[in-house]
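Work through the exercises below with the coordinates open. Try each task before reading its solution.

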Amino acid sequence: MVTSHSEAAARPQGAAPRRRGAVLERAILDAALEQLSTVGWNGLTMEAVASGAQTGKAAVYRRWPSKEDLVADALKAGLPALDDAPDHGGVREDLYQLCGRVRAVMYSKPGFALRAVLHECDHEAADRFHELITTSVTEPSQRLLREVIERGIERGEVREDAAHEIVFDVIPALMMYRSKVCASEWSDAEITEMVDLVMMPLLRR
């Protein structure tokens, strides 16, 4: 019977320890994100991802039968979560903090990778990744904005008819547009201007 000690002794010096399960999957997903950030969607191959994760190509294909499946899971696993709405006692500060969180998602490494994928991949694949933007960025942003505005209404800071679907679209739509079309990186000053010149006039009683 071969013991773990003898297995370790038989392993070539300097070779990476064999990984399984969640540890291996995390390494593969990280390698996919690294590939996306360096060579883009068109340059990414399953072979290169396997090499980056220090595993065999078969281990990648066993878990993800296509490049689209692998990239979608890598992006979902890597994108920062938009969970709880900020609550700092005032709607203006809450909006500012929320915009900062959305910016962190958009300009995270997976966020950059997702936008690169959308620019490069074909029509069919693009639909899948557009859905990923919707579920990971747009819809959570709208949900948290709704919470911030409804809390502002309860405090008397925001007029009651401001809780409207069009108003909930403003921040994610403007941030996505400026990022994609105008290549804006959304500095702190730009976020302040969006809050003060766009959102607060929309919300004031």
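## Exercise 1: a ring pair across the chain

Trp41 counts as buried, because its relative accessibility is 6% and the cut-off for buried is under 20%. Keep in mind that the model is predicted.

**Task.** Find how many aromatic pairs the whole structure holds, and describe their geometry.

**Solution.**

Step 1. Search the whole structure: two aromatic pairs turn up.

Step 2. Take Trp41 and Phe129. Their ring centres are 5.6 Å apart, with 75° between the planes. Edge-to-face requires over 60 degrees, so this pair is edge-to-face.

Step 3. Place the two rings. Trp41 belongs to helix α2 (residues 21-43) and Phe129 to helix α8. They are 88 residues apart, so the pair links distant parts of the chain.

Step 4. Check burial of the partner. Phe129 has a relative accessible area of 0%, so this residue is buried.

Step 5. Take Tyr107 and Phe112. Here the centres are 5.4 Å apart and the planes 70° apart, again edge-to-face. Phe112 is partly exposed, at 44% relative accessible area.

## Exercise 2: charges over rings

**Task.** State which residue lies over the face of Trp41, and which over the face of Trp186.

**Solution.**

Step 1. Over the face of Trp41 lies Lys67, at 4.4 Å from the ring centre.

Step 2. Over the face of Trp186 lies Arg178, at 5.0 Å from the ring centre.

## Exercise 3: helix α9

**Task.** Test whether the end-to-end distance of α9 agrees or disagrees with its expected span, then locate its kink and its packing partners.

**Solution.**

Step 1. Helix α9 covers residues 165-180, which is 16 residues. At 1.5 Å a residue, the expected span is 22 Å.

Step 2. Compare. The end C-alpha atoms are 22 Å apart, so the distance agrees with the expectation.

Step 3. Look for a bend. A kink of about 30° sits at Ile171, shortly before the proline Pro172.

Step 4. List the buried residues of α9: Val167, Phe168, Val170, Ile171, Pro172, Met175 and Ser179. They pack against α6 (91-106), α7 (109-120), α8 (123-155) and α10 (188-203).

Step 5. Contrast Ile166, also in α9. Its relative accessible area is 58%, so Ile166 is exposed. The C-alpha atoms of Ile166 and Gln142 are 9.9 Å apart, with their positions 24 residues apart along the chain.

## Exercise 4: the nonpolar core and α8

**Task.** Identify which residues touch the most other members of the largest nonpolar core, and which helix gives the most to this core.

**Solution.**

Step 1. The largest nonpolar core has 62 residues. Leu70, Leu75, Leu95, Phe129 and Leu203 touch the most other members.

Step 2. Helix α8 gives the most to this core, with 10 residues.

Step 3. Follow Leu95. Beyond its neighbours within four places in sequence, its contacts are Leu145, Val148, Ile171, Val195, Met199, Met200 and Leu203.

Step 4. Examine Ser141, found in α8. Its relative accessible area is 3%, so Ser141 is buried. Leaving aside neighbours within four places in sequence, Ser141 contacts Leu82, Leu98, Val102 and Pro172.

Step 5. Finish with Arg151, also in α8. At 17% relative accessible area, Arg151 is buried, because the cut-off is under 20%. Not counting residues up to four places away in sequence, Arg151 touches Ala85, Pro86, Asp87 and Asp94.

Methods
Residues are numbered from 1 along each chain as its sequence is written. This is a predicted model: local features need pLDDT of at least 70, side-chain atom pairs count only at pLDDT 80 or more; totals for chains, interfaces and linings use all residues. Side-chain values use heavy atoms; hydrogens and water are left out. Helices (H or I, at least four residues) and strands (E, at least two) are DSSP runs, numbered from the N terminus. The expected span of a helix is 1.5 Å times one less than its number of residues. The bend at a residue is the angle between axes fitted to the seven residues ending there and the seven starting there. Buried means under 20% relative accessible area, exposed over 50%, partly exposed in between (1.4 Å probe, protein chains only). Contact means heavy atoms within 4.5 Å. Rings of Phe, Tyr and Trp (its six-membered ring) pair if their centres lie within 6.5 Å; planes under 30 degrees apart count as stacked, over 60 as edge-to-face and the rest as tilted. A charge sits over a ring if NZ of Lys or CZ of Arg is within 6 Å of the ring centre and within 35 degrees of the ring normal. A nonpolar core is a set of buried Ala, Val, Leu, Ile, Met, Phe, Trp, Tyr and Cys residues joined through side-chain atoms within 4.5 Å.
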